Amino acid sequence: MKGPSVVIIGSGPSGFYAAGSISKKLDSDIDIVDRLPTPFGLIRGGVAPDHQTTKKISVAYTKTAKKKQINFFGNIEIGKDVSIEELREIYDVVVIATGSEIDNKLEINGSNLKGVYGSAEFVGWYNGHPDYVNLEPNLNTENVVVIGNGNVAIDIVRVLSKTSKEMLDSDIPEYALNSINKSPIKNLYMVGRRGPIEAKFTNVELREMGNLKNCLPIVNIDLPNKLEGDYSERDQRLIEKNLETLKSFSLIEKENKEKKLNFNFFQKPIEIIGNDKVESIKFEKTKLEGTKLKSTGEVTEINCGLIITAIGYKPKEIPGLKITGGVIENENGRIDTGFYAVGWIRRGPTGVIGTNKADGELVADLINKEFKNQNKDGRKSLIKLIKSKNLKPTSFEDWEKIDSYEKNNAIDPAPRKKILTIKEMLNLCKI
Ligand code: NAP
C-alpha cells in the first residue's frame, strides 16, 4: 500500500533526518523543498568553515536523498513562491523543518548602529551564504566584541583568530579570508552576561581555543576551585571540564601571539555608543543570586569597531505558521493532522546536529500512526504547480553538479570553493 504523500520544507539536518525516518517507516513519496538551490541548510551555511568533520554528515543525507522515493526541489521558497496552504491541499503530510534563521536582537540603545551584526548574518558571511556574501562587515578595527557564551560565539572568535594557514583546509570564501587576514584585529572579547559555570559552550569547542597559533586566550576572572551547588552528575562533569580548560589557558606560551581572546564573564551589555557607526560598548557588571542575574551598577566600556551578537535565533515568519515564544505552536511535533514540525522551529535553537535525529523519529511515528495510505497525489500536483507558476527548481542532480564544480575548483587542501550567488548556481545547472 502506497504511504501518504509527504513534503518536508527545509533541507537542513532536521529535514533530512525526518525524510530518513519517514522513508524507513512508510512507502511514501517524500519531497524536500528548500528556498536555496543547494541542500543541507546549516551544514553548508552555518557550521563553521574550519569544522569540516562536522560537515561530513552530508554524506549520510546524500544517501537519504538518493533513495528512490525521495526528491529534492531547490530554489522554491515556501511562503513566497508556493504557500503552506497550497502544499497542504496537495500533500497528505506537510513537515516544517525551516529552523531558526533570524538573529535574536540585542534590545539595547545603539544596537542598530553600523558595525553591529547578528551571528546569522556574520556566520553566513564567512560561510559564503548567498544571503550574506555582500554584508561587507567592517573588520578594519583592532577590537572586536562578540556577545554570548555559546558555541556560535566560540565559532566566531575562532574563525576571526585563526591564521590563513590554519584555515587552509576550510571552505571559507576567499573574500572573507582576505578580509580577516588584512584586518588589524588584536583583541577579541567574548562576553557572557553570566559566569564560566553557566556558559553554554561545550568542552571540545572551548579546548580548540587553547591550540590557536596566533591567539592567546585570557580569562579575566578568578575561576572557582570547587564547584558548589546542586548539579546532575553529567552537568558537574561538563562544567568541571570547562573550568579545567579555562584554567589551562594561563599556562599557554604567551610569546608570538599577536591576537588576544579575552573571556569576559559577568558583563551584561547595556549600551552601544557611536554616531554613524559603533565606537564602543558599555557593560554592567553582574552577579548571580541563586539563578537570578543581578546588576551591580559597576559599568565598564570597551572601544571597538565591530560587535557580533551570538545570543540565539528565532524562526523566520512564514504565512500559515503560528510562532509563539520562538517556536511553532506544536505538541511533540504535531501542529495539526497532517501538519508536523521538526528541529529548531519545533523546540528552539538548542542541541547538536544529531539532536535532530530524535525529532525525525518522533514525527515519523506520528505520521505512521495518523496516516496509512495516500489520498493526495503530492509530487504530481507540485510539479504542475511549479510549472503553472513558471518556477525554476533545482534537483538533487543539479546540486551534485554544483558540488562537483565547487570541489574541482578548490585549491588543495581546501575541500571546495563555494559558488557564492544563486544566479551562478542556476547558470551552472542551465536553469
Ligand atoms: P546558546 O548556546 O543558547 O548561547 C547563547 C548565548 O547568548 C548564551 O550565553 C546566552 O546567555 C547569551 N544571551 C542570550 N541573550 C542575551 C542577551 N540579551 N545579552 C547577553 N547575552 C545573551 O546559542 P548559540 O551559541 O547560538 O548556539 C545554538 C545551538 O547550536 C546550541 O545548541 C549550540 O551548542 C549549537 N552549536 C553547536 C556547535 C558545535 O557543536 N560545534 C557550533 C555552533 C552551534 P544566558 O545563558 O545567560 O542566556
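**Figure 1. Two nonpolar, three polar and five charged residues line the largest cavity.** The model shown here, and in every view below, is predicted. The whole structure was searched for cavities, and one of 30 Å³ or more was found. How much space lies in the largest cavity? The volume is about 50 Å³. Find the lining residues by number: K2, G3, P4, S5, D29, D31, Y91, Q374, D377 and R379. Among them, K2, D29, D31, D377 and R379 are the charged ones. P4 and Y91 make up the nonpolar pair. G3, S5 and Q374 count as polar.

**Figure 2. The second largest pocket holds about 480 Å³ of space.** Its lining has 21 residues, and those closest to the centre of the pocket are I172, P173, E174, R416 and K417. What classes do the lining residues fall into? Eleven are nonpolar, three are polar and seven are charged. Start at the centre of the pocket when you look for the lining: E174, R416 and K417 are among the residues closest to that point.

**Figure 3. R44 sits in helix α2.** Is R44 buried or exposed? R44 has a relative accessible area of 12%, so this residue counts as buried. Which residues does R44 touch, beyond those up to four places away in sequence? The list runs T38, P39, K55, N127, W399, E406, R416, K418, I419 and M425. One of these contacts, R416, also appears in Figure 2, among the residues closest to the centre of the second largest pocket.

**Figure 4. F40 has a positive phi, near 90 degrees, and is not a glycine.** F40 lies in the loop between β2 (30–33) and α2 (42–45). Helix α2 is also the home of R44. Is F40 buried or exposed? The relative accessibility of F40 is 4%, and because buried means under 20%, F40 counts as buried.

**Figure 5. N256 also has a positive phi, of about 60 degrees, although this residue is not a glycine.** Look for N256 in the loop between α10 (233–248) and β10. Is N256 buried or exposed? N256 is exposed, because its relative accessible area is 71% and the cut-off for exposed is over 50%.

**Figure 6. Strand β8 (residues 187–191) has four buried residues out of five.** Two strands pair with β8. One is β7 (residues 143–147), which pairs with β8 in the parallel sense over five bridges. Here N143 stands opposite N187 of β8. The other is β10 (residues 259–264), which runs parallel to β8 and is joined to it by five bridges. Which residue of β10 is the bridge partner of V191? The partner is N264.

**Figure 7. V144 lies in strand β7.** V144 is buried, because its relative accessible area is 0%. Apart from neighbours within four places in sequence, V144 is in contact with L160, I185, N187, L188, Y189, L306 and I308. N187, L188 and Y189 fall within strand β8. Now pick out I308. How far apart are V144 and I308 in space, C-alpha to C-alpha? The distance is 7.9 Å, while 164 residues separate V144 and I308 in sequence.

**Figure 8. G110 is found in the loop between β5 (102–103) and β6 (116–118).** G110 has 24% relative accessibility, so this glycine counts as partly exposed. Leaving aside neighbours within four places in sequence, G110 is in contact with V116 and I272. V116 falls in strand β6. Look for G274 as well. The C-alpha atoms of G110 and G274 are separated by 7.3 Å, although the two residues are 164 apart along the chain.

**Figure 9. R346 lies in helix α11 (residues 344–347).** R346 counts as buried, because its relative accessibility is 17% and the cut-off is under 20%. What joins the side chains of R346 and D359? A polar contact of 3.1 Å links them. Not counting residues up to four places away in sequence, R346 touches V327, I328, N330, N332, G333, A341, D359 and L362. D359 thus appears in the contact list as well as in the polar contact.

**Figure 10. A cis peptide bond joins D412 and P413.** What is omega for this bond? Omega is about 5 degrees. P413 is placed in the loop between α14 (396–408) and α15 (422–428).

Methods: Residues numbered from 1 in each chain as written. Predicted model: local features only at pLDDT ≥ 70, side-chain atom pairs only at ≥ 80, totals over all residues. Heavy atoms only, no water. Buried < 20%, exposed > 50% of the residue type's maximum accessible area, 1.4 Å probe, protein only. Polar contact = N/O pair within 3.5 Å; in protein donor to acceptor, adjacent residues only side chain to side chain. Contact = heavy atoms within 4.5 Å. Pairing = 2+ DSSP bridges. 1 Å grid on protein atoms, 1.4 Å probe; cavity = no way out; pocket = protein on both sides within 12 Å on 5 of 7 lines; lining within 4 Å. Points joined across faces, edges and corners; volume = space filled by probe spheres on them.
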